[in-house]
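Student: Could you go through this model with me, a bit at a time? I'll ask and you answer.

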Amino acid sequence: MPIFRLDRYPYVCRMCLKPEQIRKMTSLDTEDECFEGSATFEEFLAKITFPIEEERRQLFPCSICPQCKDLLRTIARFHAKIRNVHLFMDALVELRNFNTAPIKDLFNSKPGSVQTMLKELNLCANADFQVEDLIDEFPQFKVAQLPAASRDYHLDEEIKMEIEIEPEGVAESDKREANNAFAEECLLEEVVEEVTWEVVAEEASKVDVTQKEAAINQTELLDAVDDKAKKPTKKKPKFKANPITVANKRKCINLELLNSLEPEERDLAPKAEEPLQCPKCPYKTINTTHYHSHQLTHLRRENRTFPCKEQGCAEQFATRAGLRVHMEANHVTCVCETCGQQCGSTSRLQDHMRRSHGNDRHPCGYCEKTFKVKNDLHTHVKNVHLLENLFKCDTCGMEFRRKVALKYHLATHSDVYNFPCQQCDKKFKIYPLLHNHVHRAHREASFKCEHCLRMFHTKSLWLDHIESVHEIQMRFVCEICVANFESQEKLAAHRARHDNPKKLECSQCLTAFPAPEPLADHMCITYREDYVCCGRDLFHFVQYNRHMFNKHGVKINARVKPDLSLLLGQIRAKRKRILSCLKCGIILSTRTQKKQHQEKCLGGENKS
């Protein structure tokens with residue numbers, strides 16, 4: 001008689017090895033929703049045990065009994081629950097490190113599983129919750145206050161204050177506001193307030209005995225304050241621990257003790273060996289507590305939403321600007337009584353009234369311009385007169401006062417032509433060049449000469465024509481900085497700035513500086529006879545200075561003094577552009593000759 005009852009193997013249940021029951025067995029190739037990804041029983045068993053080679057599969061049982069089927073489904077559900085819990089914990093740790101991607105991916109990829117898990121574990125009080133709710137509440141959790149490394153955690157435990165006072169009736173919302181305020185801005189004094197005075201006294205004793213005695217006296221004083229605060233009276237409620245309340249009540253004593261210590265003893269908060277650089281802004285610090293609080297601020301701002309407060313509107317926006325656009329487009333609440341202009345808010349209406357209907361004028365202290373709004377005046381002074389913030393090109397090193405000028409300049413370093421003309425086959429790198437091309441090539445001239453009825457596309461050509469042909473002065477030129485004005489009065493006001501410059505303003509180039517050092521070191525105007533370089537007449541000081549920097553690496557601020565006996569249009573009419581071949585460099589007298597020469601010289605190459 002055989003000892004082992006395996007005579008029916010492999011026609012048995014894969015789990016319990018009992019003989020198959022007719023019409024009650026389930027094939028292992030059956031898919032089940034309990035398994036992740038609707039896998040089969042065979043795939044799940046291979047996942048928790050080991051995979052079986054295809055050529056050996058016929059030697060293993062291929063079905064399971066009903067009892068083992070239910071057990072295996074229970075195991076699968078428990079396995080999925082454990083995995084989801086650990087994925088959730090890992091996402092919380094990443095959220096502590098200010099990475100919101102894992103928690104968002106988990107909620108988006110497994111919404112049903114996550115909701116079921118949180119309900120079974122009773123971790124959420126609201127049935128209808130979103131991942132944004134968890135991110136918003138995360139700064140209140142204990143894990144958000146723990147340091148990232150274990151060594152920082154032990155150091156924090158040594159210096160953490162244990163005795164805290166708070167009335168029992170303090171609302172939960174007050175605690176949240178206090179925690180948010182602490183995360184928003186964590187200063188040195190607030191960090192030192194969390195240090196136990198026993199540790200402070202011990203640290204002070206390492207430096208000087210006198211300082212140790214002073215620290216102990218302060219400790220005794222704090223203990224006396226604590227004992228007095230802990231004794232409840234008949235009219236006062238009972239108290240319990242609260243770190244924020246103690247910190248605020250002890251600030252004065254903390255600062256006195258802080259000032260009595262040496263600088264090395266003040267920084268008891270955890271320090272990093274190298275400065276910690278914020279990956280989202282230029283903020284940098286070696287204090288891990290400050291860095292942690294700074295990252296919490298970024299986290300709250302990134303997940304903040306701005307809901308529409310109008311009744312019946314459930315729209316939410318990520319920025320105030322998006323909410324403002326929505327309000328102006330859908331909820332017009334303010335209308336100008338003068339012109340009927342519709343504004344989305346009271347502040348927009350007030351700004352419209354000042355700009356369109358106001359009589360107030362704010363003059364510029366550096367020039368004769370005036371503005372209706374102070375913000376426009378400040379922007380004008382900052383961008384035009386003060387050489388304070390310059391935008392530098394990383395490719396060639398050129399500097400610009402306005403960011404949009406740098407943006408247009410960066411396009412010159414690329415070979416991308418994103419602005420094609422809709423009326424011809426030409427393409428341009430930036431929109432202003434396309435606009436100028438369309439205005440000159442595809443539109444009728446809009447500037448008409450009143451003396452000979454000639455038409456011009458640009459105002460400068462129109463003014464040059466009147467001054468050179470009809471000898472009528474239209475522009476008045478400053479002989480110092482070569483700026484031109486529409487009237488003699490404006491030129492006189494401009495000359496007064498040269499004669500009486502403001503404080504920290506150059507009397508020659510009229511550039512203002514925030515400090516005396518950049519004023520003494522700045523590059524002022526130099527004069528020369530013409531704008532000719534490399535066989536070309538660059539015609540204007542802006543093009544000449546740019547050419548000298550880009551082609552020759554020389555930073556210069558050159559001007560050509562005007563001839564006061566001639567009008568500006570007559571001076572420009574006497575100057576002729578030097579026309580030269582791009583390939584051989586030969587100088588030609590007319591554009592027609594240059595075109596004919598380049599057809600022969602360039603051959604099949606691209607012509608310009």
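Student: Which residues of α21 are buried?

Tutor: This is a predicted model, where local features need pLDDT of at least 70, side-chain atom pairs count only at pLDDT 80 or more, and totals for chains, interfaces and linings use all residues. Residues are numbered from 1 along each chain as its sequence is written, and side-chain values use heavy atoms, with hydrogens and water left out. Buried means under 20% relative accessible area, exposed over 50% and partly exposed in between, with a 1.4 Å probe and protein chains only; helices (H or I, at least four residues) and strands (E, at least two) are DSSP runs numbered from the N terminus. For α21, the buried ones are W462, L463, D464, H465, I466 and E467.

Student: And what covers the buried residues of α21?

Tutor: Contact here means heavy atoms within 4.5 Å. The cover includes two strands and a helix: β17 (447-448), β18 (455-456) and α25 (568-574).

Student: E467 is a glutamate in there. Which backbone nitrogen lies 2.9 Å from a polar atom of its side chain?

Tutor: E467 sits in α21, residues 459-469, and counts as buried because its relative accessibility is 0%. Leaving out residues up to four places away in sequence, E467 touches I472, Q473, M474, R475, L567, L568, G569 and Q570. Of the residues listed there, the one whose backbone nitrogen lies 2.9 Å from a polar atom of the E467 side chain is R475.

Student: How many residues of α15 are buried?

Tutor: α15 covers residues 288-302 and reaches 21 Å from its first C-alpha to its last, close to the 21 Å expected at 1.5 Å a residue (the expected span being 1.5 Å times one less than the number of residues). Among its buried residues are H290, H292, H294 and H298. The helix is mostly covered, and the buried count, out of 15, is twelve.

Student: What caps the N-terminal end of α15?

Tutor: Look for a polar contact, a pair of N or O atoms within 3.5 Å; within protein, one must be able to donate a hydrogen and the other to accept it, and residues adjacent in sequence count only if both atoms are side-chain atoms. A side-chain oxygen lies 2.9 Å from the backbone nitrogen of T289, and the residue supplying that oxygen is N287.

Student: On to the largest nonpolar core. Which helix gives the most to it?

Tutor: A nonpolar core is a set of buried Ala, Val, Leu, Ile, Met, Phe, Trp, Tyr and Cys residues joined through side-chain atoms within 4.5 Å. This one has 17 residues, and F88, I103, F107 and L118 touch the most other members. At least two residues come from each of α2 (66-96), α3 (101-109), α4 (111-120) and α5 (131-137). With four residues, the top contributor is α2.

Student: Are the rings of F138 and F141 stacked or edge-to-face?

Tutor: Rings of Phe, Tyr and Trp (its six-membered ring) pair if their centres lie within 6.5 Å; planes under 30 degrees apart count as stacked, over 60 as edge-to-face and the rest as tilted. F138 is buried at 0%, whereas F141 is partly exposed at 27%. Their centres are 5.8 Å apart and their planes at 80 degrees, so the pair is edge-to-face.

Student: Last one: which residue is joined to Y9 by a cis peptide bond?

Tutor: Most peptide bonds are trans. Here omega is about 10 degrees, and the partner of Y9 is P10.
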